[in-house]
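Q: Please take a close look at one part of this structure, the nonpolar patch on the surface. Describe the patch and then place it in the chain as a whole.

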Amino acid sequence: MNLFSRLPELAGKSFIPVGFIARVPLAMLTIGAGTLLTAVSGSYAVGGFAAGAVGIGSAVGAPVLGYLADHFGQRPVLLLSALINTLTIAALVAGTYLVPDYTGPEAAVFLSAAFLMGGTCPQVGPLARVRWMAMTSGATNERPNGSARDLDTALSYESTADELTFVLGPAFVGLLASLITPWLPLALAALITLTMVPAFAVHPTVNSVVALRKLGASARTRDELAEKTNWFLVALPVLGMLSMGTFFGATQTTLFAFGGSFGAASTAGLLYSVMGLSSAVAALSVAFWPRSIAYRLRWIVASAAMAGLSTMLLFADELAPMLIALFILGIPVGPTMVTIFSIGSVVAPRKLMGTVMTMLASGIVAGTALGASLSGSISERSGYAAGFGVSVGAAVILFLLSAIMFLVLRKRGD
(Lines give C-alpha, C1' and ligand atoms only; values in the text may rest on other atoms or scores of the structure.)
Protein backbone atom coordinates (compact mmCIF):
# COMPACT_ATOMS: atom_id res chain seq x y z
CA MET A 1 0.00 0.00 0.00
CA ASN A 2 1.22 3.51 -0.81
CA LEU A 3 2.50 5.07 2.40
CA PHE A 4 0.82 8.38 1.65
CA SER A 5 -2.59 6.72 1.36
CA ARG A 6 -2.34 6.16 5.12
CA LEU A 7 -2.61 9.88 5.80
CA PRO A 8 -6.29 10.29 4.81
CA GLU A 9 -7.05 7.15 6.83
CA LEU A 10 -5.53 8.77 9.91
CA ALA A 11 -6.82 12.31 9.51
CA GLY A 12 -9.83 12.09 7.22
CA LYS A 13 -10.04 12.94 3.53
CA SER A 14 -10.66 16.66 4.02
CA PHE A 15 -7.74 17.39 6.34
CA ILE A 16 -4.99 17.55 3.72
CA PRO A 17 -6.74 19.92 1.25
CA VAL A 18 -8.05 22.14 4.04
CA GLY A 19 -4.65 22.33 5.72
CA PHE A 20 -2.88 22.99 2.43
CA ILE A 21 -5.10 25.89 1.36
CA ALA A 22 -5.25 27.39 4.86
CA ARG A 23 -1.46 27.80 4.99
CA VAL A 24 -1.16 29.64 1.65
CA PRO A 25 -1.67 33.17 3.12
CA LEU A 26 1.50 32.82 5.22
CA ALA A 27 3.47 32.56 1.97
CA MET A 28 1.65 35.58 0.47
CA LEU A 29 1.82 38.16 3.23
CA THR A 30 5.50 39.15 3.17
CA ILE A 31 5.83 39.56 -0.58
CA GLY A 32 2.26 40.89 -0.79
CA ALA A 33 3.02 43.72 1.65
CA GLY A 34 6.27 44.53 -0.14
CA THR A 35 4.62 44.53 -3.55
CA LEU A 36 1.73 46.75 -2.41
CA LEU A 37 3.90 49.33 -0.66
CA THR A 38 6.40 49.43 -3.51
CA ALA A 39 3.64 49.96 -6.08
CA VAL A 40 1.82 52.68 -4.14
CA SER A 41 4.83 54.55 -2.75
CA GLY A 42 7.10 54.07 -5.75
CA SER A 43 9.95 53.15 -3.40
CA TYR A 44 11.66 49.78 -3.17
CA ALA A 45 12.98 50.78 0.25
CA VAL A 46 9.48 51.38 1.62
CA GLY A 47 8.33 48.04 0.21
CA GLY A 48 11.33 46.36 1.78
CA PHE A 49 10.60 47.89 5.18
CA ALA A 50 7.01 46.65 5.00
CA ALA A 51 8.08 43.13 4.02
CA GLY A 52 10.67 43.15 6.79
CA ALA A 53 8.07 44.21 9.36
CA VAL A 54 5.86 41.28 8.32
CA GLY A 55 8.78 38.87 8.66
CA ILE A 56 9.79 40.19 12.08
CA GLY A 57 6.19 40.07 13.26
CA SER A 58 5.87 36.46 12.12
CA ALA A 59 9.12 35.43 13.79
CA VAL A 60 7.99 37.00 17.07
CA GLY A 61 4.33 36.06 16.94
CA ALA A 62 4.53 32.44 15.80
CA PRO A 63 5.99 31.01 19.05
CA VAL A 64 3.49 33.07 21.05
CA LEU A 65 0.61 31.57 19.09
CA GLY A 66 2.13 28.11 19.52
CA TYR A 67 2.43 28.59 23.28
CA LEU A 68 -1.18 29.78 23.51
CA ALA A 69 -2.32 26.79 21.42
CA ASP A 70 -0.50 24.42 23.78
CA HIS A 71 -2.20 25.93 26.82
CA PHE A 72 -5.68 26.84 25.58
CA GLY A 73 -6.12 24.54 22.59
CA GLN A 74 -5.66 25.03 18.88
CA ARG A 75 -9.30 25.79 18.03
CA PRO A 76 -9.77 29.08 19.95
CA VAL A 77 -6.28 30.35 19.10
CA LEU A 78 -6.71 29.66 15.38
CA LEU A 79 -10.19 31.22 15.26
CA LEU A 80 -9.10 34.36 17.09
CA SER A 81 -5.87 34.76 15.12
CA ALA A 82 -7.75 34.32 11.84
CA LEU A 83 -10.12 37.15 12.75
CA ILE A 84 -7.40 39.50 13.99
CA ASN A 85 -5.17 38.72 11.03
CA THR A 86 -7.94 39.53 8.58
CA LEU A 87 -8.51 42.89 10.31
CA THR A 88 -4.80 43.74 10.24
CA ILE A 89 -4.60 42.93 6.52
CA ALA A 90 -7.51 45.31 5.94
CA ALA A 91 -5.76 47.94 8.09
CA LEU A 92 -2.55 47.62 6.08
CA VAL A 93 -4.32 47.97 2.73
CA ALA A 94 -6.33 50.96 3.94
CA GLY A 95 -3.37 52.57 5.67
CA THR A 96 -1.22 52.21 2.56
CA TYR A 97 -3.62 54.30 0.50
CA LEU A 98 -4.36 56.81 3.27
CA VAL A 99 -0.83 57.60 4.48
CA PRO A 100 0.35 60.81 2.78
CA ASP A 101 4.06 60.43 3.56
CA TYR A 102 5.72 57.01 3.48
CA THR A 103 8.96 58.24 5.05
CA GLY A 104 7.56 60.49 7.80
CA PRO A 105 5.97 59.67 11.17
CA GLU A 106 2.90 58.42 9.31
CA ALA A 107 4.96 55.44 8.19
CA ALA A 108 4.32 53.98 11.64
CA VAL A 109 0.77 53.27 10.46
CA PHE A 110 1.63 50.78 7.75
CA LEU A 111 4.71 49.42 9.54
CA SER A 112 2.66 48.66 12.65
CA ALA A 113 -0.06 47.05 10.57
CA ALA A 114 2.56 44.99 8.70
CA PHE A 115 4.15 43.83 11.97
CA LEU A 116 0.79 42.83 13.43
CA MET A 117 -0.18 41.14 10.18
CA GLY A 118 2.87 38.90 10.43
CA GLY A 119 2.51 38.36 14.16
CA THR A 120 -1.12 37.23 14.00
CA CYS A 121 -0.89 35.01 10.91
CA PRO A 122 -2.38 31.61 11.88
CA GLN A 123 0.35 28.97 12.18
CA VAL A 124 -1.40 26.24 10.20
CA GLY A 125 1.69 24.28 9.14
CA PRO A 126 3.31 23.90 12.58
CA LEU A 127 -0.01 23.13 14.28
CA ALA A 128 -0.83 20.57 11.59
CA ARG A 129 2.45 18.85 12.46
CA VAL A 130 1.43 18.78 16.11
CA ARG A 131 -1.81 17.03 15.12
CA TRP A 132 0.08 14.47 13.02
CA MET A 133 2.38 13.76 15.97
CA ALA A 134 -0.62 13.13 18.20
CA MET A 135 -2.43 11.00 15.61
CA THR A 136 0.60 8.85 14.85
CA SER A 137 1.58 8.32 18.48
CA GLY A 138 -1.26 5.86 19.06
CA ALA A 139 -2.10 7.88 22.16
CA THR A 140 -5.75 8.47 21.32
CA ASN A 141 -8.64 6.06 21.10
CA GLU A 142 -9.72 7.63 17.81
CA ARG A 143 -6.40 6.90 16.09
CA PRO A 144 -4.94 3.78 17.70
CA ASN A 145 -2.94 2.56 14.73
CA GLY A 146 -0.41 5.33 14.33
CA SER A 147 3.26 4.52 13.94
CA ALA A 148 6.66 6.13 13.58
CA ARG A 149 6.53 5.31 9.85
CA ASP A 150 3.28 7.23 9.58
CA LEU A 151 4.89 10.21 11.32
CA ASP A 152 7.78 10.22 8.84
CA THR A 153 5.26 10.11 6.00
CA ALA A 154 3.20 12.94 7.49
CA LEU A 155 6.22 15.16 8.12
CA SER A 156 7.48 14.47 4.59
CA TYR A 157 4.13 15.60 3.23
CA GLU A 158 4.08 18.70 5.46
CA SER A 159 7.52 19.84 4.31
CA THR A 160 6.50 19.34 0.69
CA ALA A 161 3.30 21.30 1.30
CA ASP A 162 5.33 24.16 2.79
CA GLU A 163 7.71 24.13 -0.17
CA LEU A 164 4.84 24.24 -2.66
CA THR A 165 2.99 27.04 -0.90
CA PHE A 166 6.14 29.16 -0.70
CA VAL A 167 6.56 28.68 -4.45
CA LEU A 168 2.89 29.17 -5.36
CA GLY A 169 2.19 32.01 -2.89
CA PRO A 170 4.68 34.52 -4.33
CA ALA A 171 3.67 33.48 -7.84
CA PHE A 172 0.02 34.31 -7.09
CA VAL A 173 1.06 37.66 -5.64
CA GLY A 174 3.11 38.60 -8.69
CA LEU A 175 0.43 37.47 -11.12
CA LEU A 176 -2.49 39.22 -9.43
CA ALA A 177 -0.57 42.39 -8.63
CA SER A 178 0.79 42.82 -12.15
CA LEU A 179 -2.34 41.85 -14.08
CA ILE A 180 -5.06 43.39 -11.89
CA THR A 181 -4.15 45.53 -8.86
CA PRO A 182 -1.47 45.40 -6.13
CA TRP A 183 -3.96 45.19 -3.23
CA LEU A 184 -5.73 42.10 -4.59
CA PRO A 185 -3.19 39.50 -3.34
CA LEU A 186 -3.62 40.68 0.25
CA ALA A 187 -7.40 40.73 -0.16
CA LEU A 188 -7.26 37.14 -1.39
CA ALA A 189 -5.03 36.16 1.54
CA ALA A 190 -7.57 37.71 3.92
CA LEU A 191 -10.42 35.81 2.26
CA ILE A 192 -8.58 32.48 2.53
CA THR A 193 -7.68 33.20 6.15
CA LEU A 194 -11.26 34.08 7.06
CA THR A 195 -12.72 30.95 5.47
CA MET A 196 -10.16 28.14 5.41
CA VAL A 197 -8.40 28.72 8.74
CA PRO A 198 -11.69 28.32 10.67
CA ALA A 199 -12.32 25.13 8.67
CA PHE A 200 -8.90 23.89 9.79
CA ALA A 201 -9.56 25.04 13.36
CA VAL A 202 -12.77 23.02 13.73
CA HIS A 203 -11.62 19.94 11.80
CA PRO A 204 -12.09 16.80 13.92
CA THR A 205 -8.32 16.23 14.05
CA VAL A 206 -8.10 19.12 16.52
CA ASN A 207 -9.48 16.73 19.14
CA SER A 208 -6.32 14.61 18.93
CA VAL A 209 -4.38 17.39 20.71
CA VAL A 210 -5.38 18.07 24.31
CA ALA A 211 -4.70 21.52 25.76
CA LEU A 212 -2.70 21.69 28.97
CA ARG A 213 -5.57 23.28 30.89
CA LYS A 214 -7.77 20.29 30.00
CA LEU A 215 -5.33 17.57 30.97
CA GLY A 216 -6.56 15.32 33.73
CA ALA A 217 -4.69 13.95 36.69
CA SER A 218 -3.79 10.54 35.27
CA ALA A 219 -0.30 9.20 35.81
CA ARG A 220 0.50 9.73 32.14
CA THR A 221 -0.57 13.37 32.10
CA ARG A 222 1.16 14.04 35.41
CA ASP A 223 4.36 12.72 33.86
CA GLU A 224 3.88 14.95 30.80
CA LEU A 225 3.29 18.04 32.94
CA ALA A 226 6.32 17.24 35.10
CA GLU A 227 8.57 16.64 32.09
CA LYS A 228 11.40 19.16 32.09
CA THR A 229 12.33 21.04 28.96
CA ASN A 230 15.95 20.73 27.85
CA TRP A 231 16.23 24.09 26.13
CA PHE A 232 19.72 23.32 24.85
CA LEU A 233 18.36 20.37 22.88
CA VAL A 234 15.44 22.46 21.65
CA ALA A 235 17.77 25.29 20.63
CA LEU A 236 19.82 23.09 18.29
CA PRO A 237 17.03 22.34 15.77
CA VAL A 238 15.72 25.91 16.13
CA LEU A 239 19.17 27.25 15.24
CA GLY A 240 19.22 24.68 12.46
CA MET A 241 16.03 26.17 11.02
CA LEU A 242 17.49 29.66 11.45
CA SER A 243 20.47 28.51 9.36
CA MET A 244 18.13 26.90 6.85
CA GLY A 245 16.18 30.15 6.53
CA THR A 246 19.42 32.11 6.13
CA PHE A 247 20.36 29.73 3.32
CA PHE A 248 16.98 30.28 1.64
CA GLY A 249 17.03 34.06 1.99
CA ALA A 250 20.62 34.41 0.83
CA THR A 251 20.16 32.12 -2.16
CA GLN A 252 16.92 33.76 -3.29
CA THR A 253 18.26 37.32 -2.93
CA THR A 254 21.60 36.60 -4.58
CA LEU A 255 19.81 35.04 -7.54
CA PHE A 256 18.41 38.49 -8.30
CA ALA A 257 21.97 39.80 -8.52
CA PHE A 258 22.98 36.76 -10.59
CA GLY A 259 20.09 37.25 -13.02
CA GLY A 260 20.73 40.98 -13.12
CA SER A 261 24.26 40.36 -14.37
CA PHE A 262 22.61 38.95 -17.52
CA GLY A 263 19.97 41.67 -17.64
CA ALA A 264 17.36 39.16 -16.46
CA ALA A 265 16.80 39.80 -12.75
CA SER A 266 13.17 38.74 -13.18
CA THR A 267 14.32 35.14 -13.72
CA ALA A 268 15.36 34.83 -10.05
CA GLY A 269 11.99 33.44 -9.02
CA LEU A 270 12.08 30.83 -11.77
CA LEU A 271 15.62 29.81 -10.89
CA TYR A 272 14.77 29.49 -7.21
CA SER A 273 11.67 27.41 -7.96
CA VAL A 274 13.93 24.78 -9.58
CA MET A 275 15.56 24.16 -6.22
CA GLY A 276 12.12 24.15 -4.58
CA LEU A 277 10.92 21.48 -6.98
CA SER A 278 13.73 19.03 -6.35
CA SER A 279 13.59 19.78 -2.63
CA ALA A 280 9.85 19.00 -2.49
CA VAL A 281 10.25 15.69 -4.30
CA ALA A 282 13.19 14.71 -2.10
CA ALA A 283 11.18 15.58 1.01
CA LEU A 284 8.48 13.13 -0.06
CA SER A 285 11.10 10.43 -0.48
CA VAL A 286 11.93 10.51 3.25
CA ALA A 287 8.77 8.51 3.94
CA PHE A 288 10.37 5.54 2.14
CA TRP A 289 13.75 5.72 3.87
CA PRO A 290 14.60 2.75 6.12
CA ARG A 291 13.51 3.25 9.71
CA SER A 292 16.91 1.97 10.81
CA ILE A 293 18.49 5.28 9.74
CA ALA A 294 18.37 7.35 12.93
CA TYR A 295 17.28 10.99 12.82
CA ARG A 296 20.70 12.16 13.99
CA LEU A 297 22.35 10.32 11.09
CA ARG A 298 19.84 11.69 8.59
CA TRP A 299 20.52 15.27 9.64
CA ILE A 300 24.30 15.06 9.59
CA VAL A 301 24.41 13.28 6.20
CA ALA A 302 21.84 15.53 4.53
CA SER A 303 23.38 18.73 5.87
CA ALA A 304 26.87 17.57 4.88
CA ALA A 305 25.54 17.11 1.35
CA MET A 306 23.99 20.61 1.49
CA ALA A 307 27.27 22.16 2.63
CA GLY A 308 29.26 20.40 -0.06
CA LEU A 309 26.83 20.94 -2.94
CA SER A 310 26.23 24.59 -2.04
CA THR A 311 29.75 25.38 -3.25
CA MET A 312 28.49 24.79 -6.79
CA LEU A 313 26.76 28.17 -6.53
CA LEU A 314 30.15 29.85 -6.35
CA PHE A 315 31.25 28.50 -9.74
CA ALA A 316 28.06 28.63 -11.84
CA ASP A 317 28.50 31.67 -14.07
CA GLU A 318 25.84 30.96 -16.72
CA LEU A 319 22.11 30.30 -16.53
CA ALA A 320 22.28 26.62 -17.57
CA PRO A 321 24.96 25.62 -15.01
CA MET A 322 23.06 27.55 -12.33
CA LEU A 323 19.85 25.66 -13.12
CA ILE A 324 21.68 22.36 -12.80
CA ALA A 325 23.40 23.43 -9.58
CA LEU A 326 20.13 24.54 -7.99
CA PHE A 327 18.30 21.37 -8.98
CA ILE A 328 21.03 19.15 -7.51
CA LEU A 329 21.37 21.33 -4.41
CA GLY A 330 17.64 21.01 -3.71
CA ILE A 331 17.91 17.23 -3.27
CA PRO A 332 19.38 17.31 0.28
CA VAL A 333 17.39 20.42 1.28
CA GLY A 334 14.00 18.71 1.58
CA PRO A 335 15.22 15.76 3.68
CA THR A 336 17.13 18.14 5.95
CA MET A 337 13.96 20.12 6.69
CA VAL A 338 11.91 16.98 7.33
CA THR A 339 14.58 15.59 9.64
CA ILE A 340 14.94 18.77 11.69
CA PHE A 341 11.18 18.81 12.31
CA SER A 342 11.40 15.13 13.26
CA ILE A 343 14.20 15.84 15.72
CA GLY A 344 12.12 18.71 17.09
CA SER A 345 9.36 16.21 17.84
CA VAL A 346 11.86 14.03 19.72
CA VAL A 347 13.47 16.71 21.90
CA ALA A 348 10.33 18.78 22.60
CA PRO A 349 8.24 17.96 25.68
CA ARG A 350 4.70 16.93 24.73
CA LYS A 351 3.24 19.80 26.73
CA LEU A 352 5.07 22.36 24.55
CA MET A 353 4.93 20.63 21.17
CA GLY A 354 3.06 23.51 19.52
CA THR A 355 5.51 26.02 20.96
CA VAL A 356 8.53 24.15 19.62
CA MET A 357 7.00 23.52 16.19
CA THR A 358 6.19 27.22 15.78
CA MET A 359 9.68 28.12 17.00
CA LEU A 360 11.11 25.94 14.24
CA ALA A 361 8.87 27.62 11.66
CA SER A 362 9.69 31.12 12.90
CA GLY A 363 13.37 30.23 12.73
CA ILE A 364 13.00 29.81 8.98
CA VAL A 365 11.22 33.16 8.68
CA ALA A 366 13.79 35.03 10.76
CA GLY A 367 16.65 33.32 8.96
CA THR A 368 15.21 34.20 5.56
CA ALA A 369 15.16 37.89 6.52
CA LEU A 370 18.71 37.64 7.89
CA GLY A 371 20.04 35.87 4.81
CA ALA A 372 18.33 38.29 2.45
CA SER A 373 19.74 41.36 4.20
CA LEU A 374 23.29 39.97 4.47
CA SER A 375 23.52 38.66 0.91
CA GLY A 376 21.81 41.72 -0.56
CA SER A 377 24.36 44.15 0.85
CA ILE A 378 27.30 41.85 0.09
CA SER A 379 26.15 41.20 -3.49
CA GLU A 380 25.75 44.92 -4.10
CA ARG A 381 29.28 45.65 -2.88
CA SER A 382 31.19 42.60 -4.05
CA GLY A 383 29.11 40.77 -6.66
CA TYR A 384 26.84 37.74 -6.68
CA ALA A 385 29.62 35.20 -6.05
CA ALA A 386 30.29 36.83 -2.67
CA GLY A 387 26.54 36.86 -1.99
CA PHE A 388 26.39 33.12 -2.52
CA GLY A 389 29.11 32.88 0.13
CA VAL A 390 26.37 33.61 2.68
CA SER A 391 24.45 30.58 1.39
CA VAL A 392 27.52 28.38 1.73
CA GLY A 393 28.27 29.73 5.20
CA ALA A 394 24.71 29.03 6.35
CA ALA A 395 24.92 25.46 5.03
CA VAL A 396 28.22 24.92 6.83
CA ILE A 397 26.77 26.20 10.12
CA LEU A 398 23.81 23.87 9.61
CA PHE A 399 26.25 20.96 9.27
CA LEU A 400 28.12 21.97 12.45
CA LEU A 401 24.84 22.07 14.37
CA SER A 402 23.96 18.63 13.04
CA ALA A 403 27.32 17.33 14.27
CA ILE A 404 26.63 18.64 17.78
CA MET A 405 23.15 17.13 17.75
CA PHE A 406 24.56 13.82 16.47
CA LEU A 407 26.89 13.58 19.45
CA VAL A 408 24.23 14.63 21.97
CA LEU A 409 21.53 12.26 20.68
CA ARG A 410 23.98 9.35 20.40
CA LYS A 411 24.95 9.89 24.02
CA ARG A 412 21.24 9.87 24.95
CA GLY A 413 20.67 6.75 22.86
CA ASP A 414 18.14 8.41 20.52
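A: **The nonpolar patch on the surface**

Ile331 is partly exposed, because its relative accessible area is 43%, and partly exposed covers the range between under 20% for buried and over 50% for exposed. The model is a predicted one. Ile331 lies in helix α14 and belongs to a nonpolar patch on the surface, together with Leu277, Val281, Ile324, Phe327 and Ile328. The accessible area of these residues together is about 540 Å².

Two helices, α12 (268–285) and α14 (319–347), each supply at least two residues of the patch. The largest share comes from α14, with 4 residues.

Now the setting of the patch. The protein chain has 16 helices and 0 strands, and α12 and α14 are two of those helices. A compact globule of 414 residues would have a radius of gyration near 22 Å, and the protein chain, with 21 Å, agrees with that. Along the principal axes, the C-alpha atoms fill a box of roughly 60 × 45 × 40 Å.

Of the 414 residues of the protein chain, 53% count as buried; Ile331, being partly exposed, does not fall in that group. The accessible surface of the protein chain comes to about 16800 Å², and carbon and sulfur atoms account for 71% of that surface. Contacts in the chain can also be sorted by separation in sequence: among those between residues at least 6 apart, 84% join residues at least 24 apart.

Technical notes. Residues are numbered from 1 along each chain as its sequence is written. This is a predicted model: local features need pLDDT of at least 70, side-chain atom pairs count only at pLDDT 80 or more; totals for chains, interfaces and linings use all residues. Side-chain values use heavy atoms; hydrogens and water are left out. Patches are made of residues with over 30% relative accessible area and no salt bridge: like charges are joined within 9 Å, nonpolar side chains (Val, Leu, Ile, Met, Phe, Trp, Tyr) within 5 Å. Accessible areas come from the Shrake-Rupley method with a 1.4 Å probe; for residues, only the protein chains shown count as cover. A salt bridge is a side-chain nitrogen of Lys or Arg within 4 Å of a carboxyl oxygen of Asp or Glu. Buried means under 20% relative accessible area, exposed over 50%, partly exposed in between (1.4 Å probe, protein chains only). The radius of gyration is taken over C-alpha atoms; the globule rule is 2.2 Å times the number of residues to the power 0.38. Contact means heavy atoms within 4.5 Å.
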